[in-house]
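Me: I'm new to reading protein structures, and I'd like a close look at one part of this one. Could you walk me through the space around the ligand, and then show me how the surroundings fit in?

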Amino acid sequence: MRKALKQYNFDWMLWRTYEAGSRLLAGTRQEYDIALRYIPNFRDPVKEVFKAKAGQLFLQMTATYLDNIVNAHQRGKKTCMTTFCFSPAILYALDIVPVTLELLTVMMTFLYKRGTGEFLDYCNEAGFTETSCSSQRGSMGALLADIGTPIDMVVTDSPGVCDTNANAFAFFAAYKDLPFFQLNMPPWLVEERVTEYHVQDYKALIGFLEEQSGKKLDVDRLREILTELQKQDELINELEQYLSYKPLPLSVTTCLFIYAGRFMFAGMPIYTQLLEMLVNEGRENVTLLKQGINISHEKSRGFFCYIDHYTHSLRLWQMLEELNIGYSGNILSHFWADSNPPVVHNNWKEAAYSIKTGTLEEMLTSIAAINSRMPMIKSIRGPYDSPYMWLQDTLALASMYKADFIVYNGTPGCRNTWGMVKLLAQDTEKAGFPTHIMYADAFDDRVQSWDATRDRFEEFLRVRRLL
Ligand code: SF4
């Protein structure tokens, strides 16, 4: 790794940049325009985020997340390295600061033209496999090189679901000699024994977190967080209804805001504020649509059946806008509460989670169920075409959002999805959805340039007459 990269902690630099970005709209329009001249490398991502009304709040939320990490030890808190598919709600209930690798990687790829290549490569220098997922390695490299806030413990929940995810965390914990806890996910979701397994496993996790943090789980705090989560679920349900309108009444970045916020701040008021802002915008725009006022020129609509592409400056979202493609949901922006539209519509209550805030036992059962239904953890834990797994979820969501086509995007290290993506695509095609498989790496443009990715995507749209 270049010496220059080691001069400042990567999380500190990210924090200051997001913080500064979130303040850009605080002054006059003229001040904003002038400020853009002085940030040539950052102006495009900032401009893209500000196209949405909730953009400023989204940047503030991201800056707060980084602030929590950078200042955790100074504030007497422990840090816990974890993954996007682990709900951080339990960490907040124990006053532990989550450090989510995939989120940090994406925060960097959006902002830095150089991407995360040097951190990715540093993982290999340290001895970790290069055939692993780039979403963890993009930021893990910086933490392996000790240019980030020190990590106190590691928690993951993806063995069986995604081996490369689980191995990244196991490697880091072994390399740094840190306490490590791994939740397990049986291949089936809906079975009494599986529910019991999840709850017992989760209780063991709480014991681990209590021991490492030196704090006891505060039952009232957990109740507050779960109550806030219920509120957030209702807001997401309302948003999902707006997102199924044609033309789309919300900005194409809406789903990114929904899932990034949930991964950062599940059960925290700042995320509720973001969702409320999105819902208010959705309500206003749906009223305009009902009055016959056209607010977008949507030509066609895509459903992303796995993750998005996180290239610099949010160029995926820029492209969708330029091509007038509506983008109203992906597998990451979807959370399986029992009140969620597809759950209610298909009577899939047994595959969903219910939040109960009565006794401690009820709360632990609820939070274990939420965690075991996180994106990826729910849908690719077992055979792709089993009940409540990837195929069923994809088809239900693509239909609900009235998608005209489906896109798969992942990383070359994504063995669990690559092993079944062609079969999935055959099935989604049979169900009437033209399906495009991207061969890019969502977190590393060196595998396939964004320009090549875009060319192939546009070719697919033209050949299948979707534009
Ligand atoms: S399923 Fe794929 S993208 Fe998700 S963490 Fe695993 S390797 Fe990465």
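Reply: Here is a walk that starts at the ligand and then moves out to the cavities, pockets, sheets and a couple of odd backbone spots. Keep in mind that this is a predicted model.

Let's begin with the ligand itself. Where does it sit? The space taken by the ligand is the largest cavity. Around the ligand you'll find Cys133, Ser135, Gln136, Cys162, Thr164, Asn165, Tyr306, Met376, Ile380, Gly413 and Cys414. Two helices, α8 (134-144) and α9 (163-176), each give two or more residues to this shell. If you sort the shell by class, you get six nonpolar residues, five polar ones and no charged ones.

Now zoom out to the cavity as a whole. The structure holds three cavities of 30 Å³ or more, and the largest has a volume of about 330 Å³. How many residues line the largest cavity? The lining is made of 29 residues, and those nearest the centre are Glu102, Leu103, Val106, Tyr310 and Phe443. The elements that put two or more residues into this lining are α4 (55-70), α6 (101-111), α8, α9 and α12 (254-265). So that you can picture the chemistry, here is the split: 21 residues of the lining are nonpolar, seven are polar and one is charged. Notice that α8 and α9 turn up here as well as in the shell around the ligand.

Next come the pockets. The largest pocket holds about 360 Å³ of space. Its lining has 18 residues, with Leu250, Ser251, Val252, Ile295 and Ser296 nearest the centre. Three elements, α13 (269-290), α14 (315-322) and β6 (325-330), each supply at least two residues of that lining. By class, the largest pocket is lined by eight nonpolar, six polar and four charged residues.

The second largest pocket has about 270 Å³ of space. It is lined by 18 residues, and Thr195, Ala352, Ser354, Thr365 and Ala369 are the closest to its centre. Both α10 (192-213) and α16 (360-371) supply at least two residues of this lining. Which helix gives the most to it? That's α16, with five residues. The class split for the second largest pocket is seven nonpolar, six polar and five charged.

With the spaces covered, let's look at the sheets. In general, strands of a sheet pair through backbone hydrogen bonds, and they can do so in a parallel or antiparallel way. One open sheet here has four strands in the order β2-β1-β3-β4, and the pairing is parallel. At its edges are β2 (97-100) and β4 (180-182), each of which pairs on one side only. Neighbouring strands in this sheet are turned by 25 degrees against each other on average, direction ignored. For a close-up, take strand β3 (residues 153-156): three bridges join it to β4, and the two run parallel. In that pairing, valine 154 stands opposite phenylalanine 180 in β4.

There's another open sheet of four strands, with the order β6-β5-β7-β8 and parallel pairing. The edge strands in this case are β6 and β8 (435-437), each pairing on one side only. On average, neighbouring strands of this sheet are turned by 25 degrees against each other, direction ignored. Strand β7 (residues 405-408) pairs with β8 in the parallel sense over three bridges. If you want a pair to find on screen, isoleucine 406 has threonine 435 in β8 as its bridge partner. You've also met β6 already, as one of the elements lining the largest pocket.

Last, here are two backbone details to look for. Most residues other than glycine have a negative phi, and most peptide bonds are trans. Against that background, the peptide bond from lysine 246 to proline 247 is cis, with omega near -5 degrees. Proline 247 is in the loop between α11 (219-243) and α12, and α12 is one of the elements in the lining of the largest cavity. Then there's serine 313, which has a positive phi of about 65 degrees although it is not a glycine. You'll find serine 313 in the loop between β5 (300-304) and α14. That ties back to the earlier stops: β5 is part of the β6-β5-β7-β8 sheet, and α14 helps line the largest pocket.

Conventions:
Residues numbered from 1 in each chain as written. Predicted model: local features only at pLDDT ≥ 70, side-chain atom pairs only at ≥ 80, totals over all residues. Heavy atoms only, no water. 1 Å grid on protein atoms, 1.4 Å probe; cavity = no way out; pocket = protein on both sides within 12 Å on 5 of 7 lines; lining within 4 Å. Points joined across faces, edges and corners; volume = space filled by probe spheres on them. Near = heavy atom within 4 Å. Sits in = over half its atoms within 2 Å of the grid points. Pairing = 2+ DSSP bridges. Axes fitted to C-alpha atoms, helices over the stretch in contact; angles between N-to-C directions.
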